[in-house]
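User: Hi! Could you walk me through this structure with me asking questions as they come up?
Analyst: Happy to, let's open it up.

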Amino acid sequence: MAVLYHNPRCSKSRAALALLQERDLELEVVRYLENPPGEAALRELLGQLDMTPIDLMRRGEARYRELGLKAADVTDDERIRAMAENPILIERPIFIARGKAVIGRPPERVLELL
């Protein structure tokens, strides 16, 4: 089953969801702000995305600055923990299918995994 990490308040996330729903596939929609992934799930997701933790972070969020996550001495483990505890920091939407994942920016990127 495919999974979409979704924030209904985000226009890109809503557009990605609409594209996937048009294709009538079996899809689990995870509202990640309400049900955030834990550290282990984030590590798996990073592997599927082939990204580093900082690449998955929304660096424009106030919480990112408040936590000092830009500093050179912040470890990947600390960034993963920060995303697990503050899911607003996770870039969105994220689509997972067949063991791979993409960030839906632009939303049409989700179609790459179909």
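**A chat about helices, sheet and charges**

Analyst: To start with helix α2, the residues A40, E44 and G47 are exposed on one side of it, the side away from its buried residues. One thing to keep in mind is that this is a predicted model.

User: OK, and which residues of α2 are buried?
Analyst: Those are L42, L45, L46, Q48 and L49. They sit on the same side of α2, because they cover an arc of only 160° around the axis.

User: Is there some general reason for that kind of spacing, or what explains it?
Analyst: An α-helix has 3.6 residues a turn, so residues three or four places apart point the same way.

User: What do the buried residues of α2 pack against?
Analyst: They pack against β1 (2-6), α4, β3 and β4. Taken as a whole, α2 packs on the sheet and touches β1, β3 and β4. Its direction makes about 85° with that of β4.

User: And what follows α2?
Analyst: D50 does, and its phi is positive, near 55°.

User: Let's switch to the sheet. In what order do the strands come?
Analyst: The order is β2-β1-β3-β4, in an open sheet of 4 strands with mixed pairing. β2 (27-31) and β4 stand at the edges with a single partner strand each, so one side of each is left without a neighbour in the sheet. On average, neighbouring strands are turned by 15° against each other, direction ignored.

User: In which sense do β1 and β3 pair, parallel or antiparallel?
Analyst: They pair in the antiparallel sense, over 3 bridges. For a concrete example, L4 has F95 in β3 as its bridge partner.

User: Which strands does α1 lie across?
Analyst: α1 lies across β1, β2 and β3, and it runs at about 160° to β1.

User: Give me a residue in α1. Where is L20, and is it buried or exposed?
Analyst: L20 lies in helix α1, residues 11-22. L20 counts as buried because its relative accessible area is 0%, and buried means under 20%.

User: Nice. What is L20 in contact with?
Analyst: Leaving aside neighbours within four places in sequence, L20 is in contact with L4, L25, L27, F95, V110 and L114. Two of those names came up a moment ago, since L4 and F95 are bridge partners.

User: How far is L20 from L33?
Analyst: They are 13 residues apart in sequence and 20 Å apart in space, C-alpha to C-alpha.

User: Now for electrostatics. How many salt bridges are there?
Analyst: The count comes to 9 salt bridges.

User: What does R58 pair with?
Analyst: R58 forms a salt bridge with E91, and their closest N and O atoms are 3.1 Å apart. This pair links distant parts of the chain, 33 residues apart. R58 is in the loop between α2 (39-49) and α3 (62-66), while E91 is in the loop between α4 (76-85) and β3 (94-97). Both R58 and E91 are buried.

User: What else does E91 form a salt bridge with?
Analyst: R105 does that, with the closest N and O atoms 2.8 Å apart. That pair also links distant parts of the chain, 14 residues apart, with R105 in the segment after β4 (100-103).

User: How do E91 and R105 compare, buried or exposed?
Analyst: E91 counts as buried because its relative accessibility is 16%. R105 counts as partly exposed, at 31% relative accessibility.

User: Where does E61 come in?
Analyst: E61 is in the loop between α2 and α3. A polar contact of 3.2 Å joins the side chains of E61 and R58. Leaving aside neighbours within four places in sequence, E61 is in contact with I88 and L89.

User: What about R109?
Analyst: The side chains of R109 and E112 meet in a salt bridge, 3.2 Å from N to O. R109 is partly exposed, with a relative accessible area of 32%. As for the earlier group, salt bridges that share partners join R58, E61, E91 and R105 into one network.

User: Last one: where does N86 lie, and what does it touch?
Analyst: N86 lies in the loop between α4 and β3. N86 is buried, with a relative accessible area of 13%. Not counting residues up to four places away in sequence, N86 touches R63 and L67.

How values were computed. Residues are numbered from 1 along each chain as its sequence is written. This is a predicted model: local features need pLDDT of at least 70, side-chain atom pairs count only at pLDDT 80 or more; totals for chains, interfaces and linings use all residues. Side-chain values use heavy atoms; hydrogens and water are left out. A salt bridge is a side-chain nitrogen of Lys or Arg within 4 Å of a carboxyl oxygen of Asp or Glu. Helices (H or I, at least four residues) and strands (E, at least two) are DSSP runs, numbered from the N terminus. Buried means under 20% relative accessible area, exposed over 50%, partly exposed in between (1.4 Å probe, protein chains only). Contact means heavy atoms within 4.5 Å. The arc is that of the directions from the helix axis to the C-beta atoms. Two strands pair if DSSP finds at least two bridges between them. Axes are lines fitted to C-alpha atoms, for helices over the stretch in contact, and angles run from 0 to 180 degrees between N-to-C directions. A polar contact is a pair of N or O atoms within 3.5 Å; within protein, one must be able to donate a hydrogen and the other to accept it, and residues adjacent in sequence count only if both atoms are side-chain atoms.
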